[in-house]
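The exercises below each set a task and then work through a solution step by step. Please keep the sequence and the model in view while reading.

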Amino acid sequence: MSKSPSHLLAEAEKAQVLGKFTEAEEYYEQAIDTAKANGSLQTEALAYELAAKFYLERGRLRFAQNYIKEAHYAYTRLDARAKIKELETQYPQLRSELSAADSHTSTDLEAVIRANQAIASEIELERSLSVLMKILIENAQAQTGYLILPCQTASTSTEKWAIAASGTIDIATNEQIIVLQSLAIADHLPASVIDYVIQTLESVVVDDATREGNFINDTYIQQHQTKSILCVPLLHQEELLGIVYLENNITNGVFTKEQLKVIKLLSAQAAISLHNAKLYNQLRESEQQLRTREHRLNQILEAMPIGVTAHNTNGEFIYSNLKAQQLLGITAPLEVTTEQLLQVFQVYQAGSDQLYPTDQLPIVRAFAGESVKIDDMELRQADKTVPLEVLTTPIFDETGAVIYAITAFTDITERKQAQKLLAKYNQTLEAQIAERTETLQQQHEILQTLFDHMPVMLKLRDQTGQTVLINREYERVLGWSLREIRESDSLAKCYPDLEQRQRVEEHIQAATGKWQDFKTRCRDDRYVDTTWANIRLSNGWTVGIGQDISDRKQLEAALQASKAKLKDILNSAQASIASFRVYPDGTWEPDYHSTGCETVFGYTPQEFTPAVWSSRVPAEDLAAIIEQRSTAIPKGEALTVEYRFYHKNGSLRWITETLTSRWDQVGGCWVVTMVAVDITAHKQAEQALQEAYRKLEEYSTNQEAVNQELQRTLEDLQVLEEERQEQNHQLLIEQQRYRDLFNFAPDGYLVTDAQGRILEANHAIATLLSVESGFLTGKLLVSFIPASARRAFRTQLNHLSSLPDKQTWELSLQPRQGEPFPVEITVAPVRDAQNSLLYVG
């Protein structure tokens, strides 16, 4: 809603009092323009008067003079004689100007007002320039006129200014010809006159340019024998926006003082209009750019193979892409609230006849501030049931309040069918196994009981390295089930580090029966310390015997420093969404790439160029993909292909890619959108299922031999367990002996890491520093050294890592209470179990 002129004047006065002078200027101008538009002459006169006072108080006399004259003219039109007399009395320094203005005829005043209104009425830049030139030439009785505007880079040099518009009166027809152009000043105008106005911001009036004034020697004036010249700056808030140049080569002294005043009055309005026209032009360009970006984003959303919707806080649709409408069975967003969603779209909990609980709807939880992902929802439609995976995200305003929510959902019918099929295959497989092993069940039951209840982990592998059997201790310690291990590379899961995985494989192949320690990854992403011995059976199978030695490792780490903590951050899989521009010559130009490409392909969007993609696809797959793309893109047909891809980490992945294209007439190219998903796990599951049938036959054949060999192995395990218990007992004794020596030593001892952070400290050093022993843990040793000696201490500590032997220093320690005291400290570098550098002193 637009503000009234009176309200704008109040805002201007308020801004002036608060010292916000720029805002005050804008409000005065808005009040004047609004009063003019509303035909409120009284308010317009008051706005001019108050603006004049504002500029006079700030010492800007030229602006004040223009505004008080405008106020005088307005009050004259109102016939407010008392107000006119008050102005002339209050501003004696402007009386001569007011008197001259008062002597203008009513007709001249109205002409100036009409001219000002005509100038102010134009908002488009080109039209504004044309009208401005026409009015200035008419009111100045000029023969030729030019409007000069700055180029993109403003400067005080005439090289950065150019002619934007020109006008000429044809002598024969007396008609004005307005030409919009962009010409160099030096080729058409006296550069010295223009440069003078730019430098001084003052007007130039010359009656006979070839015989008088400071510009006689100008090349243009000499060549054209110019007579009368008028050059006026267009100023807006003391900023030079443009220059008006007028000349008359027929008569000397054409431009009088009265005409100069009129031109200055018109120039003030012209400067404002020119400023507004430029702002309007910039606004149109910005709006066009915004519409272009919105159109491109909408194209990407419409091409996505997943449904995307946006909802306001009532749950009503404010956007839905094509895929969303297809999945929901609608042709346009419906006006439904959150409470109506369940009934309108028949939203049920998967596998039940219960409507989805309203308070658990992802959209409801999103408006509560949650980001939600579910896959237990179904849409019950007339001819089918559509299971969905749904992801919702809340969108917040600057105050942290949820203003709307984004929902992304996809049809997971194929995934559900695959899960059911896999479950059915597993049931069939289990039935066949039960059938074929029934004759061995009784004999196997005893061995299986012993196998499951042994206090060590057991893992049985066949000749190919495939895991055949694991016991309960293995599942309890590591968390992996037999099915999970069989379905993928178990070594890669348990030992992600390539170097350690190679050592594990070598240890298994050697099968020497010797124990070796490894860090093993559990199903819940924890790492435990384990020790393994591998024994090869007579049939070529291998039994792995493992123990959880976390307690022992913790005791060992306590003697050295502290146990290292490992973190393995798993990123959830994402689809790679990319947009390209493909030109008829075969050139691919990247337009957009989501960060999901790093998950799918291993490369960041910056690294993942078309050339990199081509180099990582096997040649036999690449040729087929290129041929299919070449056929589908020109036809605008959707294309889905599966191919292999060498991930950045070297692994071979299976990718499914969906491609859509459309022809961009303006860009002369096809806009291609591609969505790629890693389906390696799906492919591996298919292969594992086929392999399982083959292994079933071998398993039944070798079960008898395994059971006999296990009887012999279990006897050896009892001996190994007794040896392990004895080792742990000795280790506890040694640890307690170290603790007693460390804690009750008469001298102060402490252990720090490479940065000087205290890991352990005994009672003696705590007593010296007037603190409890536990208080020192985690503190920097340098914080207990006087500030003047800290730099020297850090330098000594940094050099110590490169020295093989211990060092003895003298320094001062600062206790929590009391004065610093000198000490002699002996420091020795050591390495803990993880090879991390520690200092003992």
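**Exercise 1.** Which residues form a nonpolar patch on the surface with about 250 Å² of accessible area together?

*Solution.* Begin with the kind of model: it is a predicted one, in which local features need pLDDT of at least 70 and side-chain atom pairs count only at pLDDT 80 or more, while totals for chains, interfaces and linings use all residues. Residues are numbered from 1 along each chain as its sequence is written, and side-chain values use heavy atoms, with hydrogens and water left out.

The patch is formed by Ile-318, Ile-403 and Tyr-404. A patch takes residues with over 30% relative accessible area and no salt bridge, joining like charges within 9 Å and nonpolar side chains (Val, Leu, Ile, Met, Phe, Trp, Tyr) within 5 Å; a salt bridge is a side-chain nitrogen of Lys or Arg within 4 Å of a carboxyl oxygen of Asp or Glu. The areas come from the Shrake-Rupley method with a 1.4 Å probe, and for residues only the protein chains shown count as cover.

Ile-318 counts as partly exposed because its relative accessibility is 48%, where buried means under 20% relative accessible area, exposed over 50%, and partly exposed in between (1.4 Å probe, protein chains only).

**Exercise 2.** Place Ile-318 in its strand, and then describe the sheet around that strand.

*Solution.* Ile-318 is found in strand β8, residues 317-320; helices (H or I, at least four residues) and strands (E, at least two) are DSSP runs, numbered from the N terminus. Strand β8 belongs to an open sheet of 6 strands, whose order is β8-β7-β12-β11-β10-β9 with antiparallel pairing, and two strands pair if DSSP finds at least two bridges between them. At the edges stand β8 and β9 (347-349), each of which pairs on one side only. From one strand to the next, the twist averages 35°.

Within this sheet, β10 (residues 372-380) and β11 (residues 385-396) are antiparallel partners over 7 bridges, and Glu-378 has Pro-387 in β11 as its bridge partner. Helix α15 (residues 413-436) packs on the sheet and touches β10, β11 and β12 (402-411), with a direction at about 125° to that of β11. Helix α13 (residues 338-345) lies across β8, β9 and β10, at about 85° to β9. Contact means heavy atoms within 4.5 Å, and axes are lines fitted to C-alpha atoms, for helices over the stretch in contact, with angles from 0 to 180 degrees between N-to-C directions.

**Exercise 3.** In what order do the 5 strands of the other open sheet stand, and which helix lies across β19, β20, β21 and β22?

*Solution.* The order is β19-β18-β22-β21-β20, with antiparallel pairing. Its edge strands are β19 (588-593) and β20 (639-646), and the twist averages 30° from one strand to the next.

Next, follow the pairs. Strands β20 and β21 are joined in the antiparallel sense over 8 bridges, with Val-641 opposite Glu-657 in β21, and in their hairpin, which has 5 residues between the strands, Gly-650 takes a positive phi near 95°. Strands β21 (residues 652-664) and β22 (residues 669-678) run antiparallel, joined by 10 bridges.

Finally, the helix is α24 (residues 619-635), which runs at about 155° to β20.
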